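Biologist: Could you take me slowly through one part of this fold? I would like the cut-offs along with the description.

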Amino acid sequence: MDNVLVIGPVLPFRGGIAQHSTLLARALADQGECRILSFKRLYPLWLFPGESDRDAEYNNYHEPHTDYLLDSINPLTWRKAVAVVRSQRPDFVLIPWWTFFLGPMLAYIAWSLRRHGIEVVFFCHNVVDHEAAFWKRALARLVLQRGSRFVVHSHFEEARLRDLVPGAAAVVHPHPIYDQFPEPTADLPRRAALELLFYGFVRPYKGLDVLIEAMSLLHGSDIFLTVAGEFWEGEQELRRRLAASGLDAKVEVIARYVSETDTANLFQRADLVVLPYRSATGSGVIPIAYRYGKPVVATRVGGLPDVVEEGRTGFLVPPESPDALAEVLSSLSRGQLEALRPHVQEFAARLTWQSLASAVQRGQSQP
């Protein structure tokens, strides 16, 4: 099998991209040889809104076969990375692409590697940033034109990629299940007949405000919502709104980065995971929900419909519609949702990291 080198964040960095790159690199290593060039500094402190970009559960952790040498704002480390890749002569280099901030660095690295005859494969999590702008789109095109082939998780992103880079050779494979998350360790107390969970970084495009409005429409229903994740903005505004409307008795806000152990317990308690996104390329939350056998309700945007089987693994609603979301939530019971578990587990069994690694190696989409 191929000798692959991955350039991207891996553990102990936190967040979906680092988890994704770590698990994919391990699967590639199972099929051949894989080394990783990661970061000693990914984001400067002034740019990252959270407490830290490292996962406290992985303090002092070092991913095997990894050199932590890149600094996103130090071009000298970019040149060093190119030199390391050239010395190792991999069959191809796999680079995750998800944010404009890394554009200058990745444009330089990809250009340099192609110049020396090394194939560059971009794994496009977001072809263009969620908060899109003309200049971000132009920067994405500048970077991605330097790739020789591409991997995406949805047909929506495939279409966006080919709009940006006409004729791009793209492989489509659904997001695998985040099966590294542990088994639950505690039975958290239930607060209502139906327990909802909104999970992950809270950003405007994720539509938490739409879900809160839907909850206000269901004020008399026996439903409780847990919001768990670090806020990029709007935490105090949300808390004021909940207090003013009386919804603070029906909504718990856990405004911090959630550990893997706490994640397991929160998903175990939830009957339904809610993704009221305004826009989406895909979602790392759905693979976590499926890992715990939980159905989802998501909006019909981006790549989300690719991984939600209506009435089997979850439900789809229009974006920006609290009424439609409230209508679906009011129609569901714990028993109905529990009956979907076998369908969720069956769907999840098809979404493996080994399958994704094989698609990256072969350059073939999953049927």
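The part I have in mind is the open sheet, together with the helices around it.

Modeller: Happy to! This is a predicted model, so please keep in mind that local features need pLDDT of at least 70 and side-chain atom pairs count only at pLDDT 80 or more, while totals for chains, interfaces and linings use all residues. Numbering starts from 1 along each chain as its sequence is written, and side-chain values use heavy atoms, with hydrogens and water left out.

Let's begin with the sheet. Seven strands make it up, in the order β3-β2-β1-β4-β5-β6-β7, with parallel pairing. Its edges are β3 (66-71) and β7 (170-172), each of which pairs on one side only. From one strand to the next, the twist averages 25°. Here strands (E, at least two residues) and helices (H or I, at least four) are DSSP runs numbered from the N terminus, and two strands pair if DSSP finds at least two bridges between them. At the β7 edge, β6 (residues 149-152) pairs with β7 in the parallel sense over three bridges, and V151 stands opposite V171 in β7.

Now for the helices. Helix α1 (residues 16-31) lies across β1 (3-7), β2 (33-41), β4 (92-97) and β5 (119-124), and runs at about 155° to β2. Helix α3 (residues 103-115) also packs on the sheet: α3 touches β1, β2, β3, β4 and β5, and its direction makes about 165° with that of β4. Contact means heavy atoms within 4.5 Å; the angles run from 0 to 180 degrees between N-to-C directions, using axes fitted to C-alpha atoms, for helices over the stretch in contact. The loop between β1 and α1 holds P12, and the peptide bond from L11 to P12 is cis, with omega near 15°.

Helix α2 (residues 75-88) deserves a longer stop. With 14 residues at 1.5 Å each, α2 should span 20 Å, and its end C-alpha atoms are indeed 20 Å apart; the expected span is 1.5 Å times one less than the number of residues. The buried residues of α2 are T77, W78, A81, V82, V84 and V85. They cover an arc of only 160° around the axis, so they sit on the same side of α2. That arc is taken over the directions from the helix axis to the C-beta atoms. These buried residues pack against β1, β2, β3, β4 and α3, whereas L76, R79 and S87, on the other side, are exposed. Buried means under 20% relative accessible area, exposed over 50%, and partly exposed in between (1.4 Å probe, protein chains only).

Both ends of α2 have something to show. At its start, a side-chain oxygen of N74 reaches to within 3.0 Å of the backbone nitrogen of L76. Just after α2 comes R89, in the loop between α2 and β4. R89 has a positive phi of about 50° although it is not a glycine. Most residues other than glycine have a negative phi, and most peptide bonds are trans. R89 is partly exposed, at 47% relative accessible area.

Finally, helix α5 (residues 155-164) buries E157, E158, L161 and L164. Seen down the axis, these fall within an arc of 130°, so they line one face of α5. Their cover includes β5, α4 (134-144), β6 and β7.

Key: Polar contact = N/O pair within 3.5 Å; in protein donor to acceptor, adjacent residues only side chain to side chain.
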